[in-house]
Amino acid sequence: MTAELTEYLAGAAAVTRLAVSRVGVTGHRSIPPSLLPFVHSELRRQFSRTDVELEALSCLAAGADQLFADIALAHGVPVTAVIPGMDYEAHLGDEEERAAYRRILRSCTTRVDLPRQPTHEQAYFAAGCWVVDHSDQLIAVWDGRPARGPGGTGDVVAYARRRGVPVTVLWQPGVRRD
């Protein structure tokens, strides 16, 4: 073995590989304006970590999911889009929210299209469960209240806790959503 090769191998062995951590999101579509600066700051802090290589998982719904994905992408974190098994884009809200969805989707490194579900609620919950099952951590932009409908944020958080996936809740005391 040459001296150059020996030196190269010694240097390569000294390189520490960062662990990869998958971070998923669940959250409300409507975030109170007074809470947005806090959520922005906390998400930026999360995606500024240097101790671990991050991947982000999001369903890209309006509100928390799109905010999470936008901030991840701004920090150079690859995003996996998890698309519920339904006519998803048609149910994302107004044209502005659908346009944001399409814009973010084009920037995602991976797209996972889930199997069709009998109801929209089941499709949302299946997507939330997929995110949890493939995450090392879940960020929840959540007011702590029960889900307003089957498959909502509260149901996804409860599922994550049952599965033992750590949940970081981003909300401030006293803030109420509509």
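Biologist: In this predicted model, what makes helix H2 oblique to helix H3?

Modeller: The axes of H2, residues 36-47, and H3, residues 64-74, come within 9 Å and cross at roughly 40°. Angles under 35 degrees would count as roughly parallel and those from 65 to 115 as roughly perpendicular, so H2 is called oblique to H3. The crossing in which H2 passes H3 is right-handed.

Biologist: Which residues of H2 and H3 meet there?

Modeller: From H2 come Leu36, Val39, His40, Leu43, Arg44 and Phe47, and from H3 they meet Leu67, Phe68, Ile71 and Ala72. Sorted by class, the residues of this contact are 8 nonpolar, 1 polar and 1 charged.

Biologist: At what angle do H3 and helix H4 cross, and what is the hand of the crossing?

Modeller: The axes of H3 and H4, the latter spanning residues 95-107, cross at roughly 35° and come within 11 Å, and their crossing is left-handed. On the H3 side the contact is made by Gln66, Ala69, Asp70 and Leu73, and on the H4 side by Glu97, Ala100, Tyr101, Arg103, Ile104 and Ser107. This contact holds 5 nonpolar, 2 polar and 3 charged residues.

Biologist: Why is Thr80 called buried?

Modeller: Thr80, found in strand E3, has a relative accessibility of 10%, and buried means under 20%, so Thr80 counts as buried. Leaving aside neighbours within four places in sequence, Thr80 is in contact with Ala56, Leu57, Ser58, Thr110 and Val112.

Biologist: How do you know that strand E3 as a whole is largely enclosed by the rest of the structure?

Modeller: In E3, residues 79-83, 5 of the 5 residues are buried, and therefore the strand is largely enclosed by the rest of the structure. Val79, Ala81 and Ile83 point one way from E3, while Thr80 and Val82 point the other way, and all are buried.

Biologist: What lets you say that strand E2 and E3 pair?

Modeller: Pairing needs at least two bridges, and 3 bridges join E2, residues 53-58, to E3, the two strands running parallel. In this pairing Ala56 stands opposite Val79 of E3. Likewise, strand E1, residues 20-27, and strand E5, residues 137-141, pair in the parallel sense over 5 bridges, and the bridge partner of Val25 in E5 is Ile139.

Biologist: Why are strands E4 and E6 said to stand at the edges of the sheet?

Modeller: The open sheet has 6 strands, paired in parallel, in the order E4-E3-E2-E1-E5-E6. Strand E4, 110-113, and strand E6, 167-169, each have a single partner strand, so one side of each is left without a neighbour in the sheet. Direction ignored, neighbouring strands of this sheet are turned by 25° against each other on average. Helix H2 packs on the sheet, touching E1, E2 and E5, and its direction makes about 165° with that of E5. Angles over 145 degrees count as roughly antiparallel, and therefore H2 is roughly antiparallel to E5.

Biologist: Which residues of helix H6 are buried, and what covers them?

Modeller: In H6, residues 153-163, the buried residues are Thr153, Gly154, Val156, Val157, Tyr159 and Ala160. What covers these residues includes E1, helix H5 (120-133), E5 and E6. H6 is followed by Gly164, whose phi is positive, near 80°.

Note on methods:
Residues numbered from 1 in each chain as written. Predicted model: local features only at pLDDT ≥ 70, side-chain atom pairs only at ≥ 80, totals over all residues. Heavy atoms only, no water. Axes fitted to C-alpha atoms, helices over the stretch in contact; angles between N-to-C directions. Helix = DSSP H or I, 4+ residues; strand = E, 2+ residues; numbered from the N terminus. Left-handed = near helix turned anticlockwise from the far one by under 90°. Contact = heavy atoms within 4.5 Å. Nonpolar A, V, L, I, M, F, W, Y, C, P; charged D, E, K, R; others polar. Buried < 20%, exposed > 50% of the residue type's maximum accessible area, 1.4 Å probe, protein only.
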